[in-house]
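Hi,

Here is the structure I promised to pass on. Have a look at it first, and my notes follow underneath.

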Amino acid sequence: MYDVFITKASTYLPNEPVSNDEMETYLGLINDAPSKARSLILRNNKITTRYYALDKEGNPTHTNAQLTAKAVEGLFDEKFKKEDMKLLSVGTTSPDQMQPSHASMVHGELNVGKSIEINTATGLCNSGMNALNYGFLSVRAGVHENAICAGSERMSAWMTADKFNHEAENLKALEERPIIAFKREFLRWMLSDGAGAFLLQNKPREEGISLKIEFIDFYSYAHEIEACMYAGAEKQEDGSLKSWADYPSDEWLKQSIFAIKQDTKILDKYILVKGAESLRSSFDKHNLDPDKIDHVLAHISSGYFKDGLKEEFAKKGMDFPAEKWFYNLSEIGNIGAGSIFVALEELMNSGTLKKGEKVLLCVPESGRFAYSCSLLTVC
């Protein structure tokens with residue numbers, strides 16, 4: 001078995017940051033009316049800027065595959081060239097198409113000039129960590145001497161007004177309020193576009209910061225809790241999901257079947273409690289001392305959860321002081337599968353890390369309550 005190190009990190013954020021006041025310029029007005037929920041959601045999530053792969057007319061400027069490829073290209077230098085790549089493992093919530101796989105499309109964008117192994121992890125926020133774990137295990141087992149892992153999203157194209165206008169018009173025809181349901185609109189004001197990538201190798205770099213991956217753990221609570229965040233389906237009264245394939249095609253737009261939706265009541269009830277429970281399991285499994293953790297990077301979808309997460313961790317005996325937490329949500333937005341990559345890249349290149357320090361990564365996924373965590377050592 002080989003040790004595995006993150007030897008370089010890179011990010012790509014498209015275009016210029018978009019302020020709260022500019023969001024509807026890019027995403028458009030549903031039924032030509034300003035959102036009544038936007039200000040409340042933004043006040044709670046505490047996001048001030050985010051990035052869109054759109055221009056101000058709502059036209060796409062990048063595909064998800066292009067965003068990911070640009071992040072990956074930032075890993076190449078004189079010490080590690082494009083042709084040195086052995087494995088490409090990528091994760092996303094928002095691939096550009098159902099098939100071919102996201103990894104296939106990124107490989108094509110990179111123009112590597114040779115065949116490589118590829119892997120695509122799908123899902124929600126944890127898909128980035130799933131992609132990282134595949135690369136980690138491949139290098140650790142000696143299958144490959146290096147791997148490039150990435151997490152990315154291009155959710156803006158899913159959130160433009162034209163995707164929801166038919167639902168609003170249908171409600172208007174039924175003499176109901178011509179606004180879309182809160183569970184659909186909620187995420188329009190939460191999500192951001194971008195990509196982050198790591199280079200994994202079986203040796204640390206001779207110069208600069210490398211991070212040794214000690215472990216990556218995963219937990220799912222789908223056996224206990226119904227789906228909370230979903231797309232391409234509609235939740236039924238019994239909590240089950242009815243697939244898009246089981247709806248007549250003329251209902252796809254009327255009910256915004258393909259929109260990504262969030263059940264906020266279930267989210268509030270479980271997301272923090274199960275997150276603390278899963279992390280406690282990892283600390284017990286690896287016999288970790290919370291006092292020995294130097295940096296805590298927890299992906300959160302909203303600033304609303306920041307204080308509550310710290311409190312839930314403390315209830316489980318993991319009371320990390322405020323100065324150990326690192327967030328960039330307010331400036332970058334919620335990039336889903338790419339968020340933890342973008343946050344770690346910023347910390348890794350900040351110049352603040354010291355040899356021997358421990359960095360904890362925590363990623364929740366509200367889809368059906370799955371969680372991951374990883375411990376890194378600075379070397």
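How much of the chain over residues 284-363 is helix and how much is strand, and how far apart are the end C-alpha atoms? The span is 32% helix and 12% strand, with 18 Å between the end C-alpha atoms. Helices here are DSSP runs of H or I with at least four residues, strands are runs of E with at least two, and both are numbered from the N terminus.

Before the rest, the ground rules. This is a predicted model, where local features need pLDDT of at least 70 and side-chain atom pairs count only at pLDDT 80 or more, while totals for chains, interfaces and linings use all residues. Residues are numbered from 1 along each chain as its sequence is written, and side-chain values use heavy atoms, with hydrogens and water left out.

**Annotations**

Residues 284-363 come from UniProt, where an unreviewed entry lists them as "domain: Beta-ketoacyl-[acyl-carrier-protein] synthase III C-terminal". UniProt also has "domain: Thiolase N-terminal" (unreviewed entry) for residues 65-165. That second span is 34% helix and 20% strand, and its end C-alpha atoms lie 27 Å apart. UniProt positions are in the numbering used here, feature names are shortened, and annotations may be inferred rather than shown by experiment.

**Two domains and what lies between them**

The protein splits into domain 1 (4-211) and domain 2 (213-233 + 259-378), with bounds from an automatic or database domain assignment. Their centres, taken over C-alpha atoms, are 18 Å apart. In terms of contact (heavy atoms within 4.5 Å), 56 residues of domain 1 touch 47 residues of domain 2. The two domains bury about 4200 Å² between them, 72% of it on carbon and sulfur atoms; buried area is the accessible area (1.4 Å probe) that two parts lose on being put together, summed over both.

Which charged pairs cross over? The rule finds zero salt bridges across the interface of domain 1 and domain 2, a salt bridge being a side-chain nitrogen of Lys or Arg within 4 Å of a carboxyl oxygen of Asp or Glu. There are, however, 14 residue pairs in polar contact between the domains, both residues at pLDDT 80 or more. A polar contact is a pair of N or O atoms within 3.5 Å; within protein, one must be able to donate a hydrogen and the other to accept it, and residues adjacent in sequence count only if both atoms are side-chain atoms. On the side of domain 1 that touches domain 2, the elements that each supply at least two residues include β1, β4 (87-92), β6 (146-153) and β7 (194-201). Helix α5 gives the largest share of that side, eight residues.

**Ser10 and helix α3**

Ser10 sits in strand β1 (residues 5-12) and is buried, with a relative accessible area of 8%. Buried means under 20% relative accessible area, exposed over 50%, and partly exposed in between (1.4 Å probe, protein chains only). The Ser10 side chain reaches the backbone oxygen of Ala71 at 2.8 Å. Leaving aside neighbours within four places in sequence, the contacts of Ser10 include Ala71, Gly74, Ala195 and Glu345.

Ala71 is also one of the buried residues of α3. Seven of the ten residues of this helix (residues 64-73) are buried, so α3 is largely enclosed by the rest of the structure. The cover over its buried residues includes β1, β4, α4 (102-110), β6 and β7.

**Salt bridges**

The structure holds 17 salt bridges. Here are three of them, with a network thrown in.

- Asp3 pairs with Lys212, the closest N and O atoms being 3.8 Å apart. Asp3 lies in the segment before β1 and Lys212 in strand β8 (residues 211-220), so the pair ties together parts that are 209 residues apart in sequence. Asp3 and Lys212 also belong to a network of salt bridges with Glu214 and Lys358.
- Lys79 and Glu207 meet at 3.7 Å, N to O. Lys79 is in the loop between α3 and β4 and Glu207 in the loop between β7 and β8, so this pair links parts 128 residues apart in sequence.
- Lys315 and Glu312 have their closest N and O atoms 3.2 Å apart. The two are three residues apart in helix α10 (residues 306-315), about one helical turn. Lys315 is exposed at 64% relative accessible area, whereas Glu312 is buried at 17%.

Cheers
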